[in-house]
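Please read the following explanation with the structure open beside it. It goes from one pair of side chains to the two chains as a whole.

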There are 2 protein chains.
Amino acid sequence: LANSNHSSIGTVVLLGAGNVAWHLGHQLSDAGIHVVQVYNRTPESGLALASELNASYTHEISQLKDDADLYVLAVSDSAISAILDSGWFKNGRFVVHTAGSVSIDVFQGKALNYGVLYPMQTFTRGKPVDFRDVPLFIEAKNAQWRIKLEHLAQRLSESVMWVDSAERLYLHLVAVIVSNFPNHLYALAEQLLDEKGLSFDVMKPLIRETMDKAMSMSPQKAQTGPAIRRNKEVIERHLAMLEQYPNIREIYRVMSESIMKKI
Amino acid sequence: LANSNHSSIGTVVLLGAGNVAWHLGHQLSDAGIHVVQVYNRTPESGLALASELNASYTHEISQLKDDADLYVLAVSDSAISAILDSGWFKNGRFVVHTAGSVSIDVFQGKALNYGVLYPMQTFTRGKPVDFRDVPLFIEAKNAQWRIKLEHLAQRLSESVMWVDSAERLYLHLVAVIVSNFPNHLYALAEQLLDEKGLSFDVMKPLIRETMDKAMSMSPQKAQTGPAIRRNKEVIERHLAMLEQYPNIREIYRVMSESIMKKI
């Protein structure tokens with residue numbers, strides 16, 4: 001194998017071409033690490049990303065370049081297992097996955113040298129993020145690969161932390177709560193405003209300030225609104241206004257009850 | 001009365017000393033409108049705000065100055081009714097409340113000249129906001145007061161809109177969904193991280209990017225996470241991890257179901 005314990009990671013094969021792969025691939029490339037090949041089952045996004053990164057493309061595991069320093073599985077949770085089941089990593093090639101929600105044990109018996117590189121961010125292909133800010137949670141089973149992985153991660157981000165799989169799964173759960181759920185609330189708001197011909201834009205100063213407060217003070221102390229004031233009259237009226245939207249109504253009820261419990 | 005149809009509003013009596021009163025009082029003052037008096041039931045915050053605004057202070061409705069151009073009820077929903085029940089506004093003094101969730105009908109039979117000035121923002125006393133950005137939703141029953149109220153509002157904010165009470169109550173409901181609920185999710189996240197000795201700071205880049213996406217693209221299109229991917233294995237694992245936190249678990253379940261419905 002081309003890998004040695006004394007050299008740093010210079011070449012990467014990137015498996016996947018979705019949101020995480022797109023951002024990670026570009027950040028690797030920007031950091032001077034050569035993405036030599038992109039693997040993706042569907043050619044369209046795979047070829048596009050390969051072209052952006054000046055990499056070759058394949059949709060066959062058997063056609064992977066066999067001399068890269070690192071193989072990055074930036075694919076869906078189920079695709080990680082499927083790719084590992086190919087047996088391709090059994091010979092000791094260094095492989096990491098990027099999933100917040102998949103234990104390092106997924107590699108057991110299917111790879112020799114492995115780890116995790118989890119960028120905790122919400123990625124959308126084509127929308128650049130400041131990757132230097134993105135927390136990277138890393139894990140490596142094999143001590144000899146720890147230094148290489150940490151060094152690579154530090155070239156990508158200023159915020160690199162070692163966590164074990166249990167901690168990472170917990171962080172991922174919290175990440176869902178602070179990112180996916182608020183975004184869904186914005187989506188529901190957009191829907192409610194659409195129904196009345198109102199623009200979502202009108203909510204933007206409020207959304208921005210809510211986030212700004214969370215950055216500068218404890219969210220528990222920043223809580224405002226009818227529920228924290230236990231204003232049941234307003235809560236009941238809001239629930240009545242949501243009668244035609246049973247899922248929004250249920251969210252409203254459960255959230256308000258939870259806020260009232262915190263008093 | 002000192003008010004005339006031809007002059008603009010120069011003097012204000014501010015009733016309340018909470019978060020909304022604090023921000024509105026300072027913005028009125030910064031815009032060159034003289035807050036002549038602060039009323040508040042409890043002296044501590046009332047005196048403090050009065051002093052900041054160079055205004056006098058009272059805790060008695062009967063001691064209100066009777067020649068101000070405008071009386072602003074920046075108090076809790078229930079206090080609005082209580083103050084109006086005093087009968088002090090029956091003689092035609094121009095009075096507005098600032099509540100998103102209270103219909104203009106609250107004034108009926110209790111005031112002659114009245115309106116609403118609802119600043120849609122999450123206010124925390126002592127944390128400055130850019131008030132010029134804050135959407136102000138205004139309403140006035142009496143046509144002759146509409147011009148004065150609009151003129152005043154435009155001195156406070158660049159975003160002034162006329163809405164009726166039904167529209168305002170609807171906007172307030174949506175504001176709760178995009179502000180109070182995401183903030184509560186941040187508070188729950190803070191609690192979950194505390195339990196493991198982790199800092200809420202680690203979530204800040206993710207929270208910032210989630211908000212940033214909502215500013216620049218449709219939140220419905222920005223949705224990421226296990227629920228939108230219908231990854232039931234991860235959802236079930238997260239629910240199991242939340243077993244000791246029944247209210248967070250319920251929120252997780254209801255939010256995930258709602259996200260899955262949107263596909």
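In this predicted model, the side chains of E250(A) and R253(A) come together in a salt bridge, with a distance of 3.0 Å from N to O. The two residues stand three places apart in helix 9 of chain A, which spans residues 246-261, and they are therefore separated by about one helical turn. Both partners are partly exposed: E250(A) has a relative accessible area of 27%, and R253(A) has one of 28%. As a general matter, side chains of opposite charge can pair when their charged atoms come close.

A second pair in chain A shows another arrangement, for here the side chains of R132(A) and E158(A) meet in a salt bridge at 3.6 Å, again from N to O. R132(A) belongs to the loop between strand 6 (113-119) and strand 7 (136-140) of chain A, while E158(A) belongs to the loop between helix 4 (143-156) and strand 8 (160-162) of chain A, so the pair ties together parts that are 26 residues apart in sequence. R132(A) is partly exposed, with a relative accessible area of 29%, whereas E158(A), at 62% relative accessibility, counts as exposed. Over all chains, the structure holds 16 salt bridges.

These pairs sit within a chain whose secondary structure comes to nine helices and eight strands. The C-alpha trace of chain A spans about 70 × 35 × 30 Å along its principal axes, and of the 263 residues of chain A, 59% count as buried. When contacts in chain A between residues at least 6 apart in sequence are considered, 55% of them join residues at least 24 apart.

How many salt bridges are there between chain B and chain A? The count is four. In one of them, K127(B) pairs with D212(A), and the closest N and O atoms are 3.2 Å apart. K127(B) lies in the loop between strand 6 (113-119) and strand 7 (136-140) of chain B, and D212(A) lies in helix 6 (residues 204-216) of chain A, so this pair joins two chains. The partners are not equally accessible, since K127(B) is buried, with a relative accessible area of 14%, while D212(A) is partly exposed at 34%. A salt bridge also links K127(A) with D212(B), where the closest N and O atoms are 3.3 Å apart. K127(A) and D212(B) are, moreover, linked together with E209(B) in a network of salt bridges.

Seen as a whole, the interface brings 86 residues of chain B into contact with 86 residues of chain A. Between them the two chains bury about 8,400 Å², and 69% of this area is on carbon and sulfur atoms. Across the interface there are also 42 residue pairs in polar contact, counting pairs in which both residues have pLDDT of 80 or more. On the side of chain B that touches chain A, at least two residues come from each of helix 5 (165-195), helix 6 (204-216), helix 7 (219-222), helix 8 (232-241) and helix 9 (246-261) of chain B. Helix 5 of chain B provides the largest share of that side, with 26 residues. By residue type, the side of chain B that touches chain A divides into 48 nonpolar, 22 polar and 16 charged residues.

A closer view of this contact is offered by T210(B), a residue of helix 6 of chain B. Leaving aside residues up to four places away in sequence, T210(B) touches T122(A), S179(A), N183(A) and Y186(A). T210(B) has a relative accessible area of 4%, and because buried means under 20% relative accessible area, T210(B) counts as buried.

It remains to ask how the two chains are placed with respect to each other. Chain B is superposed on chain A by a rotation of 180 degrees with 0.0 Å of shift along its axis, and the RMSD is 0.0 Å. The two copies are thus related as by a two-fold rotation axis. Which residue of chain B comes closest to the rotation axis? Of the residues of chain B, it is P182(B), whose C-alpha lies at 2.5 Å from that axis. The same surface serves both copies, for 100% of the contact residues of chain B recur in chain A.

Terms used:
Residues are numbered from 1 along each chain as its sequence is written. Chains are lettered from A and ligands numbered from 1 in the order in which they are written. Side-chain values use heavy atoms; hydrogens and water are left out. Contact means heavy atoms within 4.5 Å. Buried area is the accessible area (1.4 Å probe) that two parts lose on being put together, summed over both. A polar contact is a pair of N or O atoms within 3.5 Å; within protein, one must be able to donate a hydrogen and the other to accept it, and residues adjacent in sequence count only if both atoms are side-chain atoms. Helices (H or I, at least four residues) and strands (E, at least two) are DSSP runs, numbered from the N terminus. Ala, Val, Leu, Ile, Met, Phe, Trp, Tyr, Cys and Pro count as nonpolar, Asp, Glu, Lys and Arg as charged, and the others, Gly among them, as polar. Copies are superposed by least squares on the C-alpha atoms of residues with pLDDT of at least 70 in both. Buried means under 20% relative accessible area, exposed over 50%, partly exposed in between (1.4 Å probe, protein chains only).
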